[in-house]
Amino acid sequence: MKSLLATLALTTALTLPGLAMARPVTLTTTLNNYGGDGAYLALYVTDASGAYVGSLWMAGGKSKYYEHLSDWFRATGGDTAQVNGITGASVGAGRTLEITLDLADALFDAGYTLHIDAAVEDMRDSPNEVAVPLTAAGAGTAVPGRRYVASFAYDM
Amino acid sequence: MNKTLTILVASTALTAAIGVPAWSSIHRPEGRHDRAVTVLPAEGPQAMSLILASSDDDDDDDHHRRDRPRRGHDDDDHDDDDDDDDDEGGKSGGARNPAPAGTVAPPQNGLFGNGMPPKIKVN
């Protein structure tokens, strides 16, 4: 009986940190009716010093257009390995993109900022369309973008 | 006698009526063909040189491709192939398109947990 309890305690102790280290986070991006083709969006994170940490999502599958996501492109050199497995279709004007990701808890309240670069064919590029600090208190609060993004929010 | 003359005149008239158009129809195409033949050489050198230049270039490209310096694998080909280069990401240093979500695991950049794959919804 004691060995069973010890085993249960051990497995619980091993499992809980894993569960606590990440949580599902929904990123909701709504675009304006800007009257153009589908927008390419790069969602990525920088640390407190402004250095690129990693990408969370790429909306738009053709890498030849990534240079128009200029801040992301400058930070990554256009390295498509940064967005392997986290790339989907571009987002049409007026549409809402909801992405639910399993994100590390360490991202929140630690000085990280989520950025969105946006680009639309034959229209002006919009780097740093959205820049929002990742904090637990900021979850659920919609923030406006500069040109193509009507609003962005993250929910935990 | 009058009857004979009448018949001869009538048959001649019929022959002429039928024969002249027939004769004309036989000779008009020849006349057109002759004109076409005479016109073609006058216009021919330009048209033929354009066609031959194009086809010769294509042949040369195919045969001597190995001997030419190459910037990319489609440099010597037609313009359509140049477009294909762009589609494969030529502007970004020849990078390939990224793997779509769900086909491979997200990158190990420290941002993701090891749990569920990304879920996408577009409204």
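## A walk from strand to strand

Start by selecting strand 5 (residues 96–104) of chain A together with strand 1 of chain B: these two strands pair in the antiparallel sense over four bridges. Keep in mind as you look that this is a predicted model. For a closer view, pick A:Leu97 and find its partner across the chains, B:Val122, which it stands opposite in strand 1 of chain B.

**Next stop: the interface**

Now widen the selection to every residue in the contact. You should have 35 residues from chain A and 32 residues from chain B. Together the two chains bury about 2600 Å², with 57% of that area on carbon and sulfur atoms. What might you look for between the side chains? Salt bridges number zero across the interface of chain B and chain A, while twelve residue pairs are in polar contact, both residues at pLDDT 80 or more.

Stay on chain B's side of the contact. Two elements there give two or more residues each: helix 2 (79–87) and strand 1 (119–122) of chain B. Strand 1 of chain B supplies the largest share, four residues. Color this side by residue type and you will find 16 nonpolar, ten polar and six charged residues.

**Then: the sheet in chain A**

Hide chain B for a moment and show the strands of chain A. An open sheet of five strands runs in the order 4-3-2-6-7, with mixed pairing. Its edges are strand 4 (87–88) and strand 7 (126–133) of chain A, each pairing on one side only. Zoom in on strand 7 of chain A and its neighbor, strand 6 (residues 113–120) of chain A: they pair in the antiparallel sense over five bridges. In this pair, A:Thr113 stands opposite A:Pro133 of strand 7.

**Last stop: color by confidence**

Bring chain B back and color everything by pLDDT. Chain A has a mean of 90, and 87% of its residues reach 70 or more. Select residues 12–19 of chain A, though, and pLDDT stays under 50; the model has one contact for them beyond four places in sequence.

How does chain B score on average? Its mean pLDDT is 56, and 27% of its residues score at least 70. Select residues 20–93 of chain B to see a stretch where pLDDT stays under 50, with 37 contacts beyond four places in sequence. Among the elements of chain B, helix 2 has the lowest mean pLDDT, 40, and strand 1 the highest, 94. For the complex, the predictor gives an ipTM of 0.81 and a pTM of 0.63.

Key:
Residues are numbered from 1 along each chain as its sequence is written. Chains are lettered from A and ligands numbered from 1 in the order in which they are written. Side-chain values use heavy atoms; hydrogens and water are left out. Contact means heavy atoms within 4.5 Å. Buried area is the accessible area (1.4 Å probe) that two parts lose on being put together, summed over both. A salt bridge is a side-chain nitrogen of Lys or Arg within 4 Å of a carboxyl oxygen of Asp or Glu. A polar contact is a pair of N or O atoms within 3.5 Å; within protein, one must be able to donate a hydrogen and the other to accept it, and residues adjacent in sequence count only if both atoms are side-chain atoms. Ala, Val, Leu, Ile, Met, Phe, Trp, Tyr, Cys and Pro count as nonpolar, Asp, Glu, Lys and Arg as charged, and the others, Gly among them, as polar. Two strands pair if DSSP finds at least two bridges between them. pLDDT is the predictor's confidence in each residue, from 0 to 100.
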